[in-house]
Amino acid sequence: MENSKSGNVDLDFSFSEVDKSNKKGFITMFLIMLGFTLFSGSMLTGATLGNGLNSRNLILAIAIGNGILAIYSALLAYIGAKTSLSTHLLSKYSFGETGSKFGSLLLTIAQIGWFGVGVSMFSIPVSELLNINVYIVAYISGALMTYTAFHGIKAVAILSSVAVPSILILGGLSIIKATNDIGGISGLIEIEPTQSLTLATAISLCVGSFISGGTLTADFVRFAKSTKSAIITTVIAFFFGNSIMFIFGAIGGMVYGTPDVSDVLATQGFLLIGVIVLGFNVWTTNDNGLYSSSLALSSVINIKKKKTVIINGILGTVFAIFINNNFIGFLSILSTTLPGIGSIIIADYYIVKKRNYSTFENANLEKINYIALASWLIGFVLSNLLPGIPPLNGIIVTIVIYTVTMKFKLNISKG
């Protein structure tokens, strides 16, 4: 298919629907989505949860948090596979041609941040192992990750085929070692948290850990051959895949009393193999994140993804260590700013437009839908003011306000 904006062939389909000839089968999509969510950064969140919760609340937080993510992402997965459009093109239907740039910019910043977290997670243990300055390692690894992301969805799929099984094996060995060191499952259950963390905060951290990825689900599943495979691979990835990574990190954090994955692996004698496996894992997820953030920036500044990959890769690499040092604050911001974007796309597609989107080339898009922007703002503000779980509050409030207001607007326009 030709790019509708530039007239040149664009295999990333930055400005158009994915052509049927470029659709991927279930196995390829399964590996891509698992490679996306089996992210060692989630182990950092898991370790924080393990240090702040008892066993019962830990399981509850992971189940509820990833349940919210799975439902939210699956709804977006269906839309992406059905329309063959990226998140940023879909947002034009609800936010408007120009208004959609706001959400795309937020998602760009979020994914650049995650790219930085991944770069630092790989660079810190490598610098310790080889006694090399961490910034030198970060700049080199960031450049290499940017290079593979430059080659698009095919490179992401190849990396995923190596990263997915290797991280599962390493995580399994780490759990077995930690469980043996603490005296078995009974020893795990008896561990008391070293820090205080409320259940609501813990769930928010779970949601915040991958809400940016969940909002960008359509960027990947638009390549799926069917909506069924898109939904199944998304639910498995976001619920089971993300939960596994939380558990890997949580058990290590509980047993050894540290949220640092590198410290856990070093204590267990797995640092060298851990650096190799985490390298593949981080590389895979970072390429996914850089791929999505570059599609987002393409939507904002209207240039091809190939060029925005380089821009975002440089930014993520430069700020990698800083973002890693402020990780929990970064997650908290994501958990309340990003859900509103996907929520408006969901409400617009399923409720307001009743799954009746015209093809993108024939879509009659308004410039700015101020109702969408106002709904996002109100949802963001009330997410933290209302009791309960902030990201869930934001999703519900945004959907309700957008739906009610848009239906009122449509009724008025009909006379």
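Tutor: Before we discuss any lining, note that Ala, Val, Leu, Ile, Met, Phe, Trp, Tyr, Cys and Pro count as nonpolar, that Asp, Glu, Lys and Arg count as charged, and that the others, Gly among them, count as polar. This is a predicted model, in which local features need pLDDT of at least 70 and side-chain atom pairs count only at pLDDT 80 or more, while totals for chains, interfaces and linings use all residues. Residues are numbered from 1 along each chain as its sequence is written, and side-chain values use heavy atoms, with hydrogens and water left out.

Student: What makes a space in this model a cavity, and how many cavities are there of 30 Å³ or more?

Tutor: A cavity is a set of points, on a 1 Å grid over the protein atoms alone, where a 1.4 Å probe fits but cannot get out; the points are joined across faces, edges and corners, and the volume is the space filled by probe spheres set on them. By this rule the model has 4 cavities of 30 Å³ or more, the largest with a volume of about 90 Å³ and the second largest with about 70 Å³.

Student: What makes a residue part of the lining of the second largest cavity, and which classes are found there?

Tutor: A lining residue has an atom within 4 Å of a point of the cavity, and those of the second largest cavity include Met-43, Ala-47, Ser-174, Phe-248 and Gly-249. Set against the classes above, this lining divides into 6 nonpolar, 5 polar and no charged residues. Helices are DSSP runs of H or I with at least four residues, numbered from the N terminus, and α11 (227-256) is among those that supply at least two lining residues here; α11 gives the most, with 4.

Student: Which helix supplies the largest share of the lining of the largest cavity?

Tutor: That helix is α9, with 4 residues, and α5 (100-130) and α13 (271-301) also supply at least two each. Trp-114, Phe-210 and Asn-286 are among the lining residues, which by class are 5 nonpolar, 7 polar and no charged.

Student: Why is Ser-243 called buried?

Tutor: Buried means under 20% relative accessible area, exposed means over 50%, and partly exposed lies in between, computed with a 1.4 Å probe and protein chains only; Ser-243 has 10%, and therefore it counts as buried. Ser-243 belongs to helix α11, and a polar atom of its side chain lies 2.5 Å from the backbone oxygen of Phe-239. Leaving out residues up to four places away in sequence, Ser-243 is in contact (heavy atoms within 4.5 Å) with Ile-62 and Asn-66.

Student: How do you know whether Lys-353 is buried, partly exposed or exposed?

Tutor: Its relative accessible area is 29%, which falls between the two cut-offs, so Lys-353 is partly exposed. Lys-353 sits in the loop between α17 (339-352) and α18 (370-385), and, neighbours within four places aside, is in contact with Tyr-93 and Asp-348. Lys-353 and Tyr-93 are 260 residues apart along the chain, yet their C-alpha atoms are separated by 9.6 Å.

Student: Why does Lys-354 count as exposed, and what is notable about its phi?

Tutor: Its relative accessibility is 61%, over the upper cut-off, so Lys-354 counts as exposed. Most residues other than glycine have a negative phi. Phi of Lys-354, however, is positive, near 50 degrees, and Arg-355, found in the loop between α17 and α18, also has a positive phi, near 60 degrees.

Notes
On a 1 Å grid over the protein atoms alone, a cavity is a set of points where a 1.4 Å probe fits but cannot get out, and a pocket is an open set with protein on both sides within 12 Å along at least five of seven lines; lining residues have an atom within 4 Å of a point. A polar contact is a pair of N or O atoms within 3.5 Å; within protein, one must be able to donate a hydrogen and the other to accept it, and residues adjacent in sequence count only if both atoms are side-chain atoms.
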